[in-house]
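Work through the exercises below with the sequence and the coordinates open. Try each task before reading its solution.

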Amino acid sequence: MATTHRLFFIWMIIYLISTNLSINVEGRFHFHKKQKSNKDSNKESPVYQSPAYPPTTPDPDDDPSNSSTDPCIFNVMSYGAVGDGSTDDTEAFRSAWKAACDVDSGVLLAPNGYSFTITSTIFSGPCKPGFVFQVDGVLMPPDGPDCWPKSDSAKQWLVFYLVDGMTFTGSGTIEGNGEQWWELPCKPHRGPHGTTLPGPCDSPALIRFFMSNNLVVSGLQIQNSPQFHMKFEGCNGVLIEKLSIFAPALSPNTDGIHIDNTKSVGIYNSLIANGDDCISIGPGSSDIDIENVTCGPSHGISIGSLGVHNSQACVSNITVRNAFIKNSDNGVRIKTWQGGMGSVTNINFEDIQMENVRNCIIIDQYYCYTKGCQNQTSAVFVNGVSYKNIKGTYDVRSPPIHFACSDAVACTNITLSEVELLPEMGEMVDDPFCWNAYGTLQTLTIPPISCLQDGEPQSLSESMTYGCN
């Protein structure tokens with residue numbers, strides 16, 4: 001029996017030593033381990049509540065003295081950041097950026113438990129390979145227009161320029177402090193109970209990636225932007241996943257993710273609820289894959305607007321699948337201005353669930369901010385749009401399917417299959433709207449669509465692409 005007790009005692013010592021070693025190793029790689037997958041990405045979005053700042057007690061693992069042992073981690077607290085929610089920490093972030101950007105696999109860390117205020121800033125590359133900007137605390141701009149720089153370059157907050165191969169990630173929050181911007185007396189927007197409230201005027205976009213390639217953005221909560229939450233312009237190779245983007249339903253022009261002149265983009269497993277488009281795709285964009293996105297309340301997922309001021313717009317190879325859109329003005333939308341040129345081609349909307357959406361499926365080639373736009377004789381050519389397995393409920397204030405195509409340039413090769421849209425309440429609106437739209441029904445639809453024209457218009461030619469490849 002004594003021998004048994006001695007063996008058990010020795011075994012326990014070995015177990016405790018090995019456990020302690022594993023804990024130390026886990027702490028050493030605390031800032032590098034991969035985020036767990038968000039299994040709740042498609043669940044119903046929570047009711048938005050603005051959090052209180054500064055947040056909870058700092059995590060001991062995020063103490064600057066703990067990270068100083070790793071030469072790849074550059075904690076902003078070590079560069080003079082205060083993180084009290086009011087002190088301007090801009091210079092600390094700039095210094096930490098420069099240091100982390102100059103080493104391989106550098107990590108700029110904004111630690112948990114602190115709220116950092118920084119002003120409008122351009123973070124420029126190039127950086128060494130493997131650069132990571134990790135936000136585990138809270139990052140925010142100055143609170144309101146009166147505290148904002150007056151220069152034209154300050155119409156944006158965080159700009160990442162020429163940062164190829166960067167990862168922007170973390171478990172923290174990017175808080176936009178947009179409430180005062182939304183109330184500026186410059187642009188009216190629809191308020192509660194049919195009233196009109198003032199809207200944005202030169203409101204800044206929150207996060208902008210410009211001329212940067214091979215980017216990863218993941219894990220963050222981004223909320224209450226004065227205007228667009230996140231923009232990608234002139235980029236190539238972007239992976240966006242596991243984001244949560246929130247703003248009130250009546251916050252004006254608060255697009256979630258805007259893609260402009262950017263190619264090869266994947267947007268996955270994200271939750272977006274805001275006052276404008278969940279995702280908007282601008283001219284010069286192609287090869288975009290969107291999957292497992294929950295959207296709403298919002299203005300839906302939009303391609304456009306395109307062709308404003310008689311400009312050329314080329315958009316191609318866009319796929320949206322396994323999406324859930326709810327309580328939104330629009331579902332999946334293509335919107336172009338009269339007088340534009342170019343083309344929108346090879347667009348696929350597949351396996352999309354709608355819930356209480358006003359315009360579930362819409363192509364609008366008469367897009368206009370006001371009622372004063374004049375008819376013009378050119379348009380962006382829309383060709384090759386597929387809608388497959390689009391089901392759910394619609395708001396009966398307007399038909400759930402709306403194809404308003406240009407008099408001069410018809411929409412062609414529209415296909416629909418397994419489309420079943422029923423009223424959220426009330427009687428069915430059974431008259432989808434079509435104007436100069438050509439395509440085919442591969443299955444019967446609910447509501448029935450009889451207005452789509454067969455074949456192609458006689459005037460159609462290859463020149464209709466207006467120079468787009």
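The exercises cover aromatic pairs, salt bridges and a surface patch in this predicted model.

**Exercise 1. Classify the aromatic pair of Trp97 and Phe133, and say where its two residues lie.**

Solution.
- Step 1: count the pairs. The structure holds 20 aromatic pairs.
- Step 2: take the geometry. The ring centres of Trp97 and Phe133 are 6.3 Å apart, with 55° between the planes.
- Step 3: apply the cut-offs. Stacked needs planes under 30 degrees apart and edge-to-face needs over 60, so an angle between these limits counts as tilted. The pair of Trp97 and Phe133 is tilted.
- Step 4: place the residues. Trp97 belongs to helix 3 (residues 90-101) and Phe133 to strand 6 (residues 132-135). The pair links distant parts of the chain, 36 residues apart.
- Step 5: check accessibility. Trp97 has a relative accessible area of 5% and is buried. Phe133 is buried at 0%.

**Exercise 2. Is the pair of Phe349 and Tyr387 stacked or edge-to-face?**

Solution.
- Step 1: the centre-to-centre distance for Phe349 and Tyr387 is 5.4 Å, and the planes differ by 20°.
- Step 2: planes under 30 degrees apart count as stacked. Phe349 and Tyr387 therefore form a stacked pair.
- Step 3: Phe349 sits in strand 26 (residues 341-357), and Tyr387 in strand 28 (residues 381-394). They are 38 residues apart.
- Step 4: Phe349 is buried at 2% relative accessible area. Tyr387 is buried too, at 0%.

**Exercise 3. Which residues form one aromatic cluster with Trp97 and Phe133?**

Solution.
- Step 1: start from Trp97 and Phe133, which pair with each other.
- Step 2: add the remaining members. The cluster also contains Phe93, Tyr114, Phe116, Phe123, Phe131, Phe160, Phe168, Phe209 and Phe232.

**Exercise 4. What does Arg208 contact through its charged end, and with which residue does Arg208 form a salt bridge 2.5 Å long between the closest N and O atoms?**

Solution.
- Step 1: look for a ring. The charged end of Arg208 sits over Phe210, 4.3 Å from the ring centre.
- Step 2: look for a carboxylate. Arg208 forms a salt bridge with Glu233, with 2.5 Å between the closest N and O atoms.
- Step 3: locate the partners. Arg208 is in strand 13 (residues 205-210) and Glu233 in strand 16 (residues 230-233), so the bridge ties together parts 25 residues apart in sequence.
- Step 4: check accessibility. Arg208 and Glu233 are both buried.
- Step 5: extend the network. Lys231 is linked with Arg208 and Glu233 in a network of salt bridges.

**Exercise 5. Describe the salt bridges of Asp102 and Glu291.**

Solution.
- Step 1: the whole structure contains ten salt bridges.
- Step 2: Asp102 pairs with Lys98, and their closest N and O atoms are 3.6 Å apart. Asp102 is partly exposed at 42% relative accessibility. Lys98 is exposed at 55%.
- Step 3: Glu291 meets Arg321 at 3.3 Å, N to O. Glu291 lies in strand 22 (residues 286-295) and Arg321 in strand 24 (residues 312-326), 30 residues apart. Arg321 is partly exposed, with a relative accessible area of 31%.

**Exercise 6. Which residues make the nonpolar surface patch of about 230 Å², and where is Met428?**

Solution.
- Step 1: the patch is made by Leu422, Met428 and Ile446.
- Step 2: Met428 is in the loop between strand 30 (411-423) and strand 31 (433-435).
- Step 3: a patch residue needs over 30% relative accessible area. Met428 has 36% and is partly exposed.

Note on methods:
Residues numbered from 1 in each chain as written. Predicted model: local features only at pLDDT ≥ 70, side-chain atom pairs only at ≥ 80, totals over all residues. Heavy atoms only, no water. Phe/Tyr/Trp six-rings, centres within 6.5 Å; stacked < 30°, edge-to-face > 60°. Helix = DSSP H or I, 4+ residues; strand = E, 2+ residues; numbered from the N terminus. Buried < 20%, exposed > 50% of the residue type's maximum accessible area, 1.4 Å probe, protein only. Lys NZ or Arg CZ within 6 Å of the ring centre and 35° of its normal. Salt bridge = Lys/Arg side-chain N within 4 Å of Asp/Glu carboxyl O. Patch = residues over 30% accessible without salt bridge, like charges linked within 9 Å, V, L, I, M, F, W, Y side chains within 5 Å. Areas by Shrake-Rupley, 256 points an atom, 1.4 Å probe, with all protein chains shown as cover.
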